[in-house]
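I open this notebook page with the model on screen and a short list of things to look up. The entries follow the order in which I went through them.

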Amino acid sequence: MKIKTNHTLLLISLVLLSLSFGPCDESLPVYEEPAKVFSGKIEGSYGLTIAENAMAIFFTITNNFDDTFDGPANLKGSIEIVSLRDPSVRKTFTVGPADIIRSNGYDRRTGKLTIDPKDTIKYMVRWDLIDDNGVDLKTSFFKYVVDPSCEELRCLAFTEDFSLRGNITLFDKTGPVFAGPVVYSFCFASNWVNPRCCPPIITSAPCNFRPPQSLKACFPTYFGPKCL
């Protein structure tokens, strides 16, 4: 009797279980993890002003998740710049909270970060064009020609392509956010020159000044502002 009762219960359980799964040709939906909780973007920019003549690198992280992240933050990582023409020319930055230039939810006093859905946090580093080996690219790497619009005051370097990449960890539990590699084409000018003396250089314009060029070679030794 006990055996029969157990057998009956087993049959009922199997029937109920099969009904709960629905028709045989249907399958349960596959669970998918969010592709990327955070995404990273890295880009280069050239700052040529009376106060600076340097490359800037921006690293932006976006929260792609539907929830807000809130807690003690790590906010550390690295950014690497490598010449494609000569990979021995490279610069590595260790970045941290001091390099943050925009964040709506970072409290520098407590080290706590709150980042809402679609919100961003942005880092910036400036490169003075001296690499990890102490080589000054302005005097030992770039090749120049005379700027025909400013012959006596400015030299133009041929375009150099650099690979940019980096990683930053916002929270220890979420791991590092990677960006790159991306190629940044850089056209360096030897000097900022007062616009009343020479036409200004628009550094946001596409950069593709490559050899061969018929212009006269140039050998700058001074890289500060001119015609003040």
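How many aromatic pairs does the structure hold? I looked this up first, keeping in mind that the model is a predicted one, and the count came to 18 aromatic pairs.

**Entry: aromatic rings**

I then asked which residues group together, and found one aromatic cluster formed by Tyr 46, Trp 127, Phe 141, Phe 142, Tyr 144, Phe 162, Tyr 184, Phe 186, Phe 188 and Phe 223. Phe 141, a member of that cluster, also has a charge over its ring, for the charged end of Arg 85 sits there at 4.1 Å from the ring centre. I noted a further case of this kind at Phe 93, where the charged end of Lys 91 sits over the ring at 5.4 Å from its centre.

**Entry: the four-stranded sheet**

Turning to the strands, I traced an open sheet of four, in the order β1-β2-β9-β6, with antiparallel pairing. Its edge strands are β1, residues 38–48, and β6, residues 100–103, each of which pairs on one side only. From one strand to the next I read an average twist of 20°.

I followed the β6 edge in more detail: three bridges pair β6 with β9, which spans residues 120–127, in the antiparallel sense. In this pairing I found Arg 102 opposite Lys 122 of β9.

**Entry: Tyr 123**

Since I was already looking at β9, I stopped at Tyr 123, which has its place in that strand. Is Tyr 123 buried or exposed? The relative accessible area is 0%, and because the cut-off for buried is under 20%, Tyr 123 counts as buried.

I next listed what surrounds the residue, leaving aside neighbours within four places in sequence: Tyr 123 is in contact with Ile 57, Phe 58, Phe 59, Leu 75, Val 95, Gly 96, Asp 99, Ile 100, Ile 101, Ile 168 and Leu 170. With Leu 75 I could be more specific, as the side chain of Tyr 123 reaches the backbone oxygen of Leu 75 at 3.0 Å. I also looked up the separation from Ser 103, which is 20 residues apart from Tyr 123 along the chain, and the two C-alpha atoms are separated by 9.1 Å.

**Entry: the three-stranded sheet**

I traced another open sheet, this one of three strands in the order β3-β8-β7, again with antiparallel pairing. The strands at its edges are β3 and β7, the latter covering residues 106–107, and each pairs on one side only. Four bridges join β3 to β8, residues 112–115, and the two run antiparallel; here Phe 69 stands opposite Ile 115 of β8.

**Entry: backbone angles**

Most residues other than glycine have a negative phi, and most peptide bonds are trans. I therefore searched for departures from both habits.

Which phi value does Leu 75 have? Its phi is near 65°, a positive value in a residue other than glycine. Leu 75 lies in the loop between β3, residues 69–72, and β4, residues 76–83, and is buried, with a relative accessible area of 1%. I recall from the earlier entry that the backbone oxygen of Leu 75 is reached by the side chain of Tyr 123.

Leu 129, not a glycine either, has a positive phi of about 75°. I located Leu 129 in the loop between β9 and α2, the helix of residues 137–140, and found it buried at a relative accessible area of 0%.

For the peptide bonds, I found a cis bond from Gly 180 to Pro 181, with omega near 5°, and placed Pro 181 in strand β13, residues 176–186. The bond from Pro 211 to Pro 212 is likewise cis, with omega near 0°, while Pro 212 has its place in the loop between β13 and β14, the strand of residues 217–218.

**Entry: Ser 190**

My last stop was Ser 190, which is also placed in the loop between β13 and β14. Ser 190 is buried, with a relative accessible area of 0%. Which backbone atom does the side chain of Ser 190 reach? I found the backbone nitrogen of Cys 155, at 2.8 Å. Not counting residues up to four places away in sequence, Ser 190 touches Asn 53, Tyr 144, Arg 154, Cys 155, Pro 220, Tyr 222 and Phe 223. Among these, I recognised Tyr 144 and Phe 223 from the aromatic cluster of my opening entry.

Note on methods. Residues are numbered from 1 along each chain as its sequence is written. This is a predicted model: local features need pLDDT of at least 70, side-chain atom pairs count only at pLDDT 80 or more; totals for chains, interfaces and linings use all residues. Side-chain values use heavy atoms; hydrogens and water are left out. Two strands pair if DSSP finds at least two bridges between them. Axes are lines fitted to C-alpha atoms, for helices over the stretch in contact, and angles run from 0 to 180 degrees between N-to-C directions. Buried means under 20% relative accessible area, exposed over 50%, partly exposed in between (1.4 Å probe, protein chains only). Rings of Phe, Tyr and Trp (its six-membered ring) pair if their centres lie within 6.5 Å; planes under 30 degrees apart count as stacked, over 60 as edge-to-face and the rest as tilted. A charge sits over a ring if NZ of Lys or CZ of Arg is within 6 Å of the ring centre and within 35 degrees of the ring normal. Contact means heavy atoms within 4.5 Å. A polar contact is a pair of N or O atoms within 3.5 Å; within protein, one must be able to donate a hydrogen and the other to accept it, and residues adjacent in sequence count only if both atoms are side-chain atoms.
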